[in-house]
Amino acid sequence: MRILILGGNGFVGRAVVDDALEQGAQVASFSRGVSGTPLPPGVVQLLGDRASGDYSALKTGEWDAVVDLSGYQTNEVDAAMDVLGDRVGRYVFVSSHAAYARGLPPGTDETAPRREPLRAADELTNETYGPCKVACEDDVLERYGDRATIVRPGRVTGPGDTASTVFYWVRRGAAGGRVALPTKPEQPLQFVDSRDVGRLVVQLITDARSGGYNAVGPFSTIAELIETSAELSGTTVDLVQVPRDAAPARFPLLEPEAEWGGRRRDPAKARAAGMSVTPFRQTVADLLLWDQDRGTPELDYGFTPEQEQQLLAAQ
Ligand SMILES: NC(=O)c1ccc[n+]([C@@H]2O[C@H](COP(=O)([O-])OP(=O)(O)OC[C@H]3O[C@@H](n4cnc5c(N)ncnc54)[C@H](OP(=O)(O)O)[C@@H]3O)[C@@H](O)[C@H]2O)c1
């Protein structure tokens with residue numbers, strides 16, 4: 001099996017690369033070669049730039065499937081499809097759970113309504129990212145039909161996750177003590193481990209499956225994340241709920257209650273197609289180890305210890 005991965009050196013891309021290699025596939029990765037991790041031995045690195053439209057490294061070659069992890073707007077996806085045409089057997093587009101309409105109830109599956117498509121945006125924001133993904137999905141489906149596969153991951157985490165979002169709470173739990181929590185402890189989470197996304201994508205290619213798949217993980221809560229991190233680190237925590245407006249508008253993992261249903265999506269179709277399910281506790285344990293290994297770099301948001309102490313003193 002020959003797989004071309006657009007963005008194989010990125011966070012999710014690397015998990016797809018690793019799984020594909022494990023299944024004995026021949027793997028090539030296309031990117032600028034700027035971010036992410038060095039590719040493992042045996043992976044062919046193809047350099048180019050989707051922003052400037054430099055796809056010259058893809059002008060030759062044939063693959064059983066392409067996995068598009070770096071397509072955010074229709075011009076990027078359309079350009080890749082123009083270049084690759086029928087030299088790829090299947091086009092797997094990695095979209096996002098943000099493609100779905102907001103405010104859906106818990107338990108929705110792949111038939112849930114999506115947001116209105118947006119063909120281009122000057123900037124990708126919370127408002128434009130999901131609609132742009134919808135437009136990309138539509139273009140891929142129109143061009144490849146039965147040979148199109150759409151994967152919609154929820155929030156992805158696992159070793160290699162470079163965003164501060166999950167680590168703020170993992171580290172906070174590990175540190176122990178009184179924890180200022182500007183949301184209800186039962187706020188739902190539904191992380192998916194990057195390794196499970198990799199497993200799903202490669203299995204979908206192997207079995208030539210078409211259509212949409214929710215790549216979402218086990219149900220958990222923000223309290224469970226903090227408490228599991230504490231327990232695995234040998235500490236204990238006391239969660240102290242503080243007012244939402246005590247925290248800045250942008251704060252790790254906080255979401256309005258009206259959107260909590262989006263953290264309870266139905267994973268049945270993807271699991272039936274072979275997606276693995278890393279237990280939540282295992283993911284958290286691996287996050288703690290990975291964070292230590294990389295030297296616990298500074299996070300770019302969340303309370304500072306001083307801010308948190310002040311808030312807790314007022315409770
Ligand atoms: N992470 C999540 O929680 C999450 C959730 C839902 C969906 N997704 C989707 O999953 C996909 C991968 O996400 P990620 O978090 O793994 O992203 P990431 O770590 O930022 O990786 C992005 C990849 O795209 C490449 N890239 C960026 N700009 C490029 C350009 N101009 N030309 C060519 N390649 C370029 C990067 O490599 P170079 O810098 O070397 O070019 C890298 O390999 C995205 O489509 C995202 O929407 C992610």
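Two residues are in contact if their C-beta atoms, placed from the backbone, lie within 7 Å. Keep that cut-off in mind at the domain boundary. This is a predicted model.

**Stop 1: the two domains**

Colour the protein chain by domain. Select 2-157 together with 192-215 for domain 1. Then select 164-190, 219-255 and 278-313 for domain 2. The C-alpha centres of domain 1 and domain 2 are 30 Å apart. Now look at where they touch. How many residues of domain 1 are in contact with domain 2? There are 5, and they meet 5 residues of domain 2. On the domain 1 side, 3 of the touching residues are charged and 2 are polar. No nonpolar residue takes part on that side.

**Stop 2: the sheet**

Show strands as cartoon. Find the open sheet of 7 strands. Reading across, the order is β3-β2-β1-β4-β5-β6-β11, and the pairing is parallel. Which strands lie at the edges? Select 44-47 for β3 and 211-215 for β11; each of these pairs on one side only. From one strand to the next, the twist averages 20°.

Stay at the β11 edge. Add residues 148-153, which form strand β6. β6 and β11 run parallel and are joined by 5 bridges. To see one residue pair, pick valine 151; its bridge partner in β11 is tyrosine 213. In general, strands of a sheet pair through backbone hydrogen bonds, either parallel or antiparallel.

**Stop 3: the ligand**

Centre on the ligand. Its surroundings comprise 22 residues. Show Gly7, Gly10, Arg32, Ser35 and Ser70 as sticks: these are the closest. Next, select residues 11-22, helix α1. Helix α1 gives the most to the shell, with 3 residues. Colour the shell by class. You should find 10 polar, 8 nonpolar and 4 charged residues.

**Stop 4: a helix crossing**

Select 164-175 for helix α4 and 280-293 for helix α8. Two packed helices are described by the angle between their axes and the distance between the axes. Here the axes come within 11 Å and cross at roughly 90°. Angles of 65 to 115 degrees count as roughly perpendicular, so α4 is roughly perpendicular to α8.

Which residues make the contact? On α4, show Val166, Phe167, Val170 and Ala174. On α8, show Val284, Leu287, Leu288 and Asp291. By class, this contact between α4 and α8 has 7 nonpolar residues and 1 charged residue, with no polar ones.

How values were computed. Residues are numbered from 1 along each chain as its sequence is written. This is a predicted model: local features need pLDDT of at least 70, side-chain atom pairs count only at pLDDT 80 or more; totals for chains, interfaces and linings use all residues. A residue is near a molecule or strand if its C-beta atom, placed from the backbone, lies within 6 Å of it. Helices (H or I, at least four residues) and strands (E, at least two) are DSSP runs, numbered from the N terminus. Ala, Val, Leu, Ile, Met, Phe, Trp, Tyr, Cys and Pro count as nonpolar, Asp, Glu, Lys and Arg as charged, and the others, Gly among them, as polar. Axes are lines fitted to C-alpha atoms, for helices over the stretch in contact, and angles run from 0 to 180 degrees between N-to-C directions. Angles under 35 degrees count as roughly parallel, over 145 as roughly antiparallel, 65 to 115 as roughly perpendicular and the rest as oblique. Domain bounds come from an automatic or database domain assignment. Two strands pair if DSSP finds at least two bridges between them.
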